[in-house]
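Visitor: I should like to go through this model term by term, with the criterion behind each label. Please show the structure before we begin.

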Amino acid sequence: MERSRPTDERLAQRARTLNVRHFGGRLRWTSISFVDMAHNWGSCTFTTGEIRIARRAAGLPDWVLDYLVVHELAHLDHSDHGPAFHELENRYPLSERAKGYLMALDAGAGRPPSGELT
Ligand SMILES: [Zn+2]
């Protein structure tokens with residue numbers, strides 16, 4: 001269980017900043033932390049408000065890491081990837097570019113295109 005691990009302070013700060021900048025400071029989560037994930041870049045448990053970002057994302061450029069955080073923050077409002085979700089995600093102006101960056105990374109690592117983050 002990852003639950004006992006302390007919240008990662010860098011991630012928590014970015015999440016607070018992005019929440020204010022793009023969501024009017026309205027979103028609430030219970031924890032955000034780096035965890036080991038083999039296939040996904042991030043995940044959000046809608047029911048408990050827990051956000052996890054893959055540990056290997058810690059080395060990504062800040063603007064790509066910010067996209068991952070925005071994606072998971074948007075899941076606090078919408079558990080699916082529908083139009084309302086995308087409206088939230090696209091408040092971060094570099095979302096499309098970050099997705100392309102991650103797809104290229106996945107391809108370079110021989111992973112199937114993650115395209116769908118969770
Ligand atoms: Zn997602």
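Guide: Along the chain, the donors of the zinc ion follow the spacing H-x3-H-x5-H. The model is a predicted one, in which local features need pLDDT of at least 70, side-chain atom pairs count only at pLDDT 80 or more, and totals for chains, interfaces and linings use all residues. Residues are numbered from 1 along each chain as its sequence is written, and side-chain values use heavy atoms, with hydrogens and water left out.

Visitor: What makes His 71, His 75 and His 81 donors of the zinc ion?

Guide: A donor is an N, O or S atom within 2.8 Å of the metal (3.2 Å for Na, K and Ca); water is not among the atoms, so sites may look incomplete. The NE2 atoms of His 71, His 75 and His 81 coordinate the zinc ion at 2.0 Å, and therefore they qualify as donors.

Visitor: Why is Trp 41 called buried, and Ser 79 exposed?

Guide: Buried means under 20% relative accessible area, exposed over 50%, and partly exposed in between (1.4 Å probe, protein chains only). Trp 41 has 3% relative accessibility and so counts as buried; Ser 79, at 51%, is therefore exposed. Trp 41 lies in the loop between β1 and β2 (42–45), whereas Ser 79 is in the loop between α2 and α3. His 71 and His 75 are buried as well, and 44% of the 118 residues of the protein count as buried.

Visitor: How are the helices and strands of the protein identified, and how many are there?

Guide: They are DSSP runs numbered from the N terminus: helices are H or I with at least four residues, strands are E with at least two. The protein has 4 helices and 3 strands, in the order α-β-β-β-α-α-α from the N terminus on.

Visitor: What makes a set of residues a nonpolar core?

Guide: Its members are buried Ala, Val, Leu, Ile, Met, Phe, Trp, Tyr and Cys residues joined through side-chain atoms within 4.5 Å. The largest such core has 28 residues, and Ile 53, Leu 68, Val 69 and Leu 73 have the most contacts inside it. Among the elements that each supply at least two residues of this core are α2 (62–74) and α4 (95–108); the largest share, 8 residues, comes from α2.

Visitor: Why is α2 described as roughly perpendicular to α4?

Guide: Axes are lines fitted to C-alpha atoms, for helices over the stretch in contact, and angles run from 0 to 180 degrees between N-to-C directions. Angles under 35 degrees count as roughly parallel, over 145 as roughly antiparallel, 65 to 115 as roughly perpendicular and the rest as oblique. α2 and α4 pack at about 105°, with their axes 9 Å apart, so α2 is roughly perpendicular to α4.
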